[in-house]
Structures are given as C-alpha cells and as structure tokens.
Amino acid sequence: MFDIGSSLAAAREARGLDLRAAEGLTCMRIRYLEALEADRFDDLPGRTYARAFLRTYAAALGLNADRFVAEFDEQFPEPLEIEDAPAPRRRRRAVPLAAAPIAAVVAIAALLVWSAWSNDHLGRNIASPPPATPANAAVPAKVHAQVRAATKTLVAHPALVVRAVSGSCWVQARRGGPAGAVLAERTLAQGETLRLTAQHVWLRLGAPWNVRVTRGAHALKLAPTTLPANVTA
C-alpha cells in the first residue's frame, strides 16, 4: 500500500512540472489535479471519474496507471448496496361465512338488472362512426412526409463518434469552435465511446493517439503527436 496523492505530486515535481503545466499536459482542470494529489477523491464528479482521472494523470507522468487504479480500488472500495426490506403484507379481513351467500345473491341480481337495461338502451343509442373527411385523410400523408424529411437529415449529417481504442483520453466537445457551447466533457476509458449528433463540432483531445474519430463512414486523420490536439469535424 502506498500514498497515491503524494506519489503523483512527487512524480510531477521530478519532471519539473507545476500544476499549470500538468493541466496543459493532461487537459484536466487544476482543481481536479489538486484533489488527486491531496487524496480528496470526494471532490471529483464521481467514483468513475476519479478512476479515469487517476489513470490519465498517472499515465501522463509516466507511472504505472494500472497500479495506481488498483491501489485506489483497494483503499477506497466501492460501497455495498443494502437492499430495502420488503414492506409487510396487509392481511385481508375475512368475510363471515354467513354473509357470503347473501352478498353473492345481491351481486347476481344487480348484474342481471344492469344487463337487461343495457341491452334495451345501448342498441338504440349506438351511432355509426362519421365518415373520414378529406382533412383527416391528408394527415397520414403529411406525417409520412415529415418522417422522410427527418430520415434524409439523419443520412446527410451522420453522428460524430469518438472511441478510445488503445487507452484513455480526456475529451471536450464544443459547438462550432473553441468558444462555442460545451456539448460534452469527460474522460473516455479504453473501449468507451462518445457519440455527438451536432454539426460542426470542435474537439479538444488530451491523448489523441488513443482515439479514433469518425463522422459516419469517414474516419478523420489525426496528425501524429504526443501532445493534446484540437480537431474540427
């Protein structure tokens, strides 16, 4: 067992990096890096993010990321879920045997009276449904046209997919450019996928060598680099 936070801080200082430089290297906010180095894992968005951030930071510092994640799981095991006890069943009150035959007779008599009344009145009051008007007949054609238009839009603008194929990668997606609205911001573990349906998406990739980016059947070519990269698709 070893101290996770102090080991990360020592590795960063050994490489001559301050927190600002580490932020540029990992594409993670300084407050998250400070939380990792201080073992304040409750300050992170959740357990899944804590494991992903820890793996990304350790790998960026040249450390054994799997060992750090395993140490985290040992020191901070996932809490067990306690099932709620089932609610007690309500006991039905027994009907006295003497009252059961009388209730059955009353129910049968009421049913016979209601059936006779219904056969006498409903047959005269049921009206045939009104014929379909031209306006009602045109509704299905309009709906079909809207469905066809939506299908053409989906085919013309396929989804943008970012998949972590060889390791974890921090991803930030914005609409239109680096100053646009944030569509997504997360760390993808190996095998995970981020799917975006918006057009003109700007991506910031912390470890572009670990991901594959596609728009429909077209795969984007990422320049070979060991630094974070920006991609527009």
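This is a short tour of two pockets and three salt bridges, with selections to make along the way.

Before you click anything, note that the model is predicted: local features need pLDDT of at least 70, side-chain atom pairs count only at pLDDT 80 or more, and totals for chains, interfaces and linings use all residues. Residues are numbered from 1 along each chain as its sequence is written, and side-chain values use heavy atoms, with hydrogens and water left out.

**Stop one: the largest pocket**

Select T48, Y49, R51, A52 and E192. Of the 13 residues that line the largest pocket, these lie nearest its centre. A pocket here is an open set of points on a 1 Å grid over the protein atoms alone, where a 1.4 Å probe fits, with protein on both sides within 12 Å along at least five of seven lines; lining residues have an atom within 4 Å of a point. The space inside comes to about 250 Å³, a volume being the space filled by probe spheres set on the points, which are joined across faces, edges and corners.

Now colour α4 (47–60) and β3 (182–188), each of which supplies at least two residues of this lining. Helices (H or I, at least four residues) and strands (E, at least two) are DSSP runs numbered from the N terminus. Which element gives the most to the lining of the largest pocket? That is α4, with 6 residues. Colour the lining by chemistry and you get 3 nonpolar, 3 polar and 7 charged residues. For that split, Ala, Val, Leu, Ile, Met, Phe, Trp, Tyr, Cys and Pro count as nonpolar, Asp, Glu, Lys and Arg as charged, and the others, Gly among them, as polar.

**Stop two: the second largest pocket**

Keep α4 on screen and select T56, A59, A60, A207 and W209, which lie nearest the centre of the second largest pocket, among its 15 lining residues. Two or more residues of the lining come from each of α2 (19–26) and α4, and α4 has the largest share, 4 residues. The space here is about 190 Å³. This lining divides into 8 nonpolar, 6 polar and 1 charged.

**Stop three: salt bridges**

Next, look at charged side chains. The whole structure holds 8 salt bridges, each a side-chain nitrogen of Lys or Arg within 4 Å of a carboxyl oxygen of Asp or Glu.

Start with E37 and R12, whose side chains meet at 2.7 Å, N to O. E37 sits in helix α3 (residues 30–37) and R12 in helix α1 (residues 4–14), 25 residues apart. Are these two partners buried or exposed? E37 counts as buried at 16% relative accessibility, and R12 is buried at 8%; the cut-offs are under 20% for buried, over 50% for exposed and partly exposed in between (1.4 Å probe, protein chains only).

Go on to E185 and R29, with their closest N and O atoms 3.3 Å apart. E185 is in strand β3 and R29 in the loop between α2 and α3, so this pair ties together parts 156 residues apart in sequence. E185 is partly exposed at 29%, and R29 is partly exposed at 38%.

Finish back on α4 with R47, which forms a salt bridge with D73 at 3.1 Å between the closest N and O atoms. D73 belongs to helix α5 (residues 65–75), 26 residues from R47 in helix α4. R47 is partly exposed at 27%, and D73 is partly exposed at 26%. Add R51 to the selection: R47, R51 and D73 are linked in a network of salt bridges.
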